[in-house]
Amino acid sequence: MKTILMAGVFSMAAIASQAETTQIYWDDLAPAPEPYENPFAGMESDQLQRLANLLRYETQSPEALDEAARSDAASLRQSLMAEGLDVDGLFEQRLVVMQAREKAANTPNAEILGQSIRLGGYVLPLEMVGEKATEFLLVPTVGACIHVPPPPANQMVHVSYPSGFAVTGLYDPVWITGEIRAEHAMRDVNYSDGASQVAVSYTMQAGAVEPYTE
C-alpha cells in the first residue's frame with residue numbers, strides 16, 4: 001500500500017510539474033526595450049552617409065590622412081553644421097545608441113528565468129554521440145549561425161541533453177522543455193569549412209527534446 005501511495009505522490013508531482021511548464025516564444029526571450037534617444041532615425045540618407053564618412057576620417061590618426069582627406073573632412077563637418085546638425089553631439093549619441101542596442105541584444109529576460117518553459121526552434125549541434133546531439137544551440141531560424149550572421153545572444157539557448165536527440169538535419173524543428181537560466185557564454189560552432197564563436201545568453205538542461213508538432 002505504501003508503495004502505491006508513493007507512486008501516486010510522484011505521479012501527482014509529475015503532473016503538477018508539467019502543468020507549470022509555460023510555452024514561450026522567441027520574442028519572450030528579449031526583455032522589454034529600454035527607451036533611448038535615436039536622433040539618426042529621422043535623418044536623411046545623405047546626411048547619414050556624410051556623418052559616416054566624417055567619422056571614418058576623424059577616427060583615424062592625423063598622420064594617416066593626406067591633405068585631400070583632411071580637406072574633405074573639414075568640408076563635411078562644415079556642411080553638416082551649416083544644416084544645423086550638432087556633429088559632436090551626434091557622435092556622442094551614436095555611442096549611447098550602440099550601447100543600448102548591444103544591451104538589448106545580450107540581456108536575458110529576467111521574467112522567464114528559473115521557469116520551466118517549452119520553446120520551439122532548430123537544432124545546431126555542438127556535441128554529438130553517434131548520431132545524437134547531446135549538446136546544441138537552439139536557434140529561431142533555419143541555418144542560423146551557418147548561412148547567415150548569428151542571431152542576438154538572447155535569441156539563442158545553449159541546451160544540454162545527455163540522453164541525446166537524433167539529428168537528421170538542420171531543417172527539422174524541435175520542442176525543448178526544461179528550466180531556462182541566464183548564462184552569458186561564448187560557444188564554438190563548427191562548420192564544414194571552419195569554426196567560429198557565438199555569444200549565447202541562455203542555457204538549459206533539457207528534460208525533453210521532441211520533434212516539433214503544431
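In the predicted model, the structure holds one cavity of 30 Å³ or more, and the volume of this largest cavity is about 30 Å³. Its lining is formed by Tyr 122, Val 123, Leu 124, Val 139, Gly 143, Ala 144, Ile 146 and Leu 170. Strand β2, which comprises residues 116-129, supplies the largest share of that lining, namely three residues. In character, the lining of the largest cavity divides into seven nonpolar residues and one polar residue, with no charged residue.

The largest pocket, by contrast with the enclosed cavity, is an open feature, and its volume is about 250 Å³. The residues that line the largest pocket are Ala 30, Pro 31, Ala 32, Pro 33, Glu 34, Pro 35 and Tyr 36, together with Ala 100, Lys 103, Ala 104 and Thr 107. Of the residues in this lining, eight are nonpolar, one is polar and two are charged.

Two helices were examined with respect to their length and their buried faces. For helix α2 (residues 45-58), a rise of 1.5 Å a residue over its 14 residues gives an expected span of 20 Å, and the end C-alpha atoms are 20 Å apart, so that expectation and model agree. The buried residues of α2 are Gln 47, Arg 50, Leu 51, Leu 54, Leu 55 and Tyr 57. Because these buried residues fall within an arc of 160° when α2 is seen down its axis, they line one face of the helix. Such an arrangement can be read against the geometry of an α-helix, in which there are 3.6 residues a turn, so that residues three or four places apart point the same way. The partners against which the buried residues of α2 pack are α3 (67-82) and α4 (87-106).

A corresponding description applies to α4, whose 20 residues should span 28 Å at 1.5 Å a residue, and whose end C-alpha atoms lie 29 Å apart, which agrees. Within α4, the residues Val 87, Leu 90, Phe 91, Gln 93 and Val 97 are buried, each having under 20% relative accessible area. These residues cover an arc of only 165° around the axis, which puts them on the same side of α4. The face of α4 turned away from this buried side carries Glu 92, Gln 99 and Glu 102, which are exposed. The elements that cover the buried residues of α4 include α2 and α3, while the buried residues of α2 in turn pack against α3 and α4.

Methods: Residues are numbered from 1 along each chain as its sequence is written. This is a predicted model: local features need pLDDT of at least 70, side-chain atom pairs count only at pLDDT 80 or more; totals for chains, interfaces and linings use all residues. Side-chain values use heavy atoms; hydrogens and water are left out. On a 1 Å grid over the protein atoms alone, a cavity is a set of points where a 1.4 Å probe fits but cannot get out, and a pocket is an open set with protein on both sides within 12 Å along at least five of seven lines; lining residues have an atom within 4 Å of a point. Grid points are joined across faces, edges and corners, and a volume is the space filled by probe spheres set on the points. Helices (H or I, at least four residues) and strands (E, at least two) are DSSP runs, numbered from the N terminus. Ala, Val, Leu, Ile, Met, Phe, Trp, Tyr, Cys and Pro count as nonpolar, Asp, Glu, Lys and Arg as charged, and the others, Gly among them, as polar. The expected span of a helix is 1.5 Å times one less than its number of residues. Buried means under 20% relative accessible area, exposed over 50%, partly exposed in between (1.4 Å probe, protein chains only). The arc is that of the directions from the helix axis to the C-beta atoms. Contact means heavy atoms within 4.5 Å.
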